[in-house]
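Please open the structure in your viewer and keep the selection tool at hand. The tour below proceeds stop by stop, saying what to select and what is there.

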Amino acid sequence: MIIPGPKESDSDQTQGFLRVLVNELIRLWRDGVILPTHSRPGGRRIRVILVGVFCDKPAAHKIGGFGSHNHTFFCTRDWISQGRKALREAFERHGFRERTDRHHRLLMAQYKDATSANAREEHASAFATRWSELARLPYFHFPRMIVVDPMHNLFLGLVKTHFYHIWVQLKVFRKAHEIREVQEILSNVSLPSRLGRLPRFIGEPAGGSLTADQWLILATVVGPLALPELWEGVPISTRDSAGVEIRDTEFLETRIETLRKRVARRKASAQKARKKRMATAEDVSESALPAPRRSARPRKPTEKGRNLVLDEDDAGAELDSEDGEWSEDEDNNDEADGEDSSQRSNLHIRDLCTFLKLCTALRLFLSDVITEEQLSRADTLIREYCQEIVELYGADVIRPNHHYATHTAEFVRDYGPLRGFWTFIFERLNKILKSYRTNNHEGGEIEATFFREFNRSARLNEILSEGLALAPDDLFHRTCSLMEEATSDRRGTLQQLVQDLADERADDNVVLSFSPRATRTAMSKTLYTAFLRYMQTRYPFEGYHSYVALAPRPGAPALANVATMFDYVVIAGNRYYAANRSAKRMNSLALIRTSSAGDLRVGLLEDIVLYDALDTSRRQYFVHVRWLRHAPITLEGTPWIHVPPTFKLQLWEVDQYLDPLAEPGPTPIVQLCDVLSPVASYVATIHGRRTLITMPISRGPIAFPGAEGAD
């Protein structure tokens, strides 16, 4: 449902549009629809229910009949107040009285029965409750079925707040030091292509705003893999030689006071800028004419437009509505803080440890399969994280998002892993819809223009998809191919979204699949020698021998030197490319199981092979691997020692591989079922030695033998 303008509707106006949908939902619940099925061609009755509403904070409050997230009682699950959101009990289980569906419905009914607009506003101000049409659904449970989307809450909320608003804007990271180091780190991080890359100039205006996908990558991959290098030189232990925890009270108190002043200055600057914008807007509305139409005739505002005023209690549904709390103008105001090249570091080792708790919790929440034990651990980590940032940066950095995050585990228990109900796809569609040209139409005309453009794009994409599905020699197929080539730059279009979604989900449910393109050719000498040894070891009584050698006994099979080489293989939803047929090495690195005991190590997949020569009855699919050489060092004494085992970091020599003929190691021939996960990597200097750090990025469970906290 797309609500028409010209301005954003308030809570009560939104319910007028929602009423139409609720009417249909009631009919689908009460009467259902008759649909034919395979077993019942005459049709069977299907009933439909609304199991949840998933959206950002402002929309969740508006649709569910809750007060704004700026209201004193801002949470949809309990009765916490704004003044208590930074207290320890704000992040404890059952720290506040829970909202109940029965009580919420009672308050909504009282709001609806109020006899005047003033009475309704007084009720909303006192009880943070308005009327919602969803109350007409008898099965709907408001506190549990109104879900604050984890994409907005966790990634555009917690991660962005921590890295950008606290570390960058409040200058915990100095521009000439830590921010520059972060940029250098990002240039040396290697990620599989499907993850994309983070902007090089992150933390500066030139780097632009990060998307939710990029904040996700920063927290769950780049953060634990590479960011610990920023804490090189910072004492890595929080305990002294006697085992007593070092609180470093004076350092933290001084830093908190400095951050408090910076927050106050930013808020004052933001408030001043907001008043200036409002004054400018009032002047324009009183004196300036609206934008001319094609006829250049001034367009008068409609009666609906003049009367449409937003409630002060309900903010607009923006992507990140809290960005405006702090002024961006303060980012370059270094003089006020005395920041220069001689300023001492603002970092404390607890900064890293606390951020890694957030990273670990998100990594657990993002698993495709999550156990109750892992869910409880993630919930505990989130709560500890929120309590610790108050200790490290002060109460002024706490936002409603931090409290919302403590309810994430409850939403996961109700609806499953986060990927099943977050709104990444819908936000991408929102961005595309907003990009459509509307020819300066307003009021009722913009909706017609908007939907004509949307329908045209959707229909064109449907026609192209149908044509491209035909045989290549078909005339319609060739015509559609030419049309697609003529519009190859489809960035930001509906066609590109459809293609992106198809590419993104193409591998998700694939157990095993090979690239359509393959070459049947002779194996290299290295590959053939390794495969021959593998076959002789695995089938010692068969007598396999080289095709150029004499048979050890009559009838012993010779291995022909010919096989089919694939560009890539998809295994359990992960795509791996053969290094000998791909230009990007990172797409060929993988975490591989090397023994029945579960030993794991990283290797480069050089070839993806099908061996089905006619002189053998055994059809063999396998990968040919070059094994990385372990680095003879550990992470002891480095900031990486604080990275939890959940991330499974391993250390390797840079660009060094085992010699399969001269060094002991696993067999270079690996069965496909033993390829477990793609990996991300980063080259760091550890104990004075350049070292490759790798981390698996699979969403499934991977366990190191005997690793504490394996998941």
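Begin by selecting Tyr621, which counts as partly exposed because its relative accessibility is 26%; here buried means under 20% relative accessible area, exposed over 50% and partly exposed in between, with a 1.4 Å probe and protein chains only. What you have open is a predicted model, in which local features need pLDDT of at least 70 and side-chain atom pairs count only at pLDDT 80 or more, whereas totals for chains, interfaces and linings use all residues. Residues are numbered from 1 along each chain as its sequence is written, and side-chain values use heavy atoms, with hydrogens and water left out.

Next add Phe514, which counts as buried because its relative accessibility is 19%. Now select Phe566 as well: with Phe514 it forms a tilted aromatic pair, 4.6 Å centre to centre and with 35° between the planes. Rings of Phe, Tyr and Trp (for Trp, the six-membered ring) pair if their centres lie within 6.5 Å, and planes under 30 degrees apart count as stacked, over 60 as edge-to-face and the rest as tilted. This pair joins distant parts of the chain, since Phe514 is in strand β6 (residues 512-514) and Phe566 is in strand β10 (residues 563-566), 52 residues apart; strands are DSSP runs of E of at least two residues, helices are runs of H or I of at least four, and both are numbered from the N terminus. Both Phe514 and Phe566 are buried.

Returning to Tyr621, you will find that it forms a stacked pair with Phe514, at 4.8 Å centre to centre and 25° between the planes. Here the link runs from strand β6 to strand β15 (residues 620-630), with Phe514 and Tyr621 107 residues apart.

Move then to Asn574, in strand β12 (residues 574-577), which counts as buried because its relative accessibility is 8%. Beyond neighbours within four places in sequence, Asn574 is in contact (heavy atoms within 4.5 Å) with residues including Arg194, Leu676 and Ser698.

Now select helix α2 (residues 57-64), where seven of the eight residues are buried. The elements covering these buried residues include α1 (11-30), α3 (101-113) and α13 (400-405). At the N-terminal end of α2, Asp56 acts as a cap, with a side-chain oxygen 3.2 Å from the backbone nitrogen of Ala59, while Gly65, just after the helix, takes a positive phi of about 80°.

Finally, colour by pLDDT, the predictor's confidence in each residue from 0 to 100: the protein averages 82, and 79% of the residues score at least 70. Over residues 288-299 the pLDDT is below 50. Where pLDDT is low, the predicted coordinates should not be read in detail.

Methods. Polar contact = N/O pair within 3.5 Å; in protein donor to acceptor, adjacent residues only side chain to side chain.
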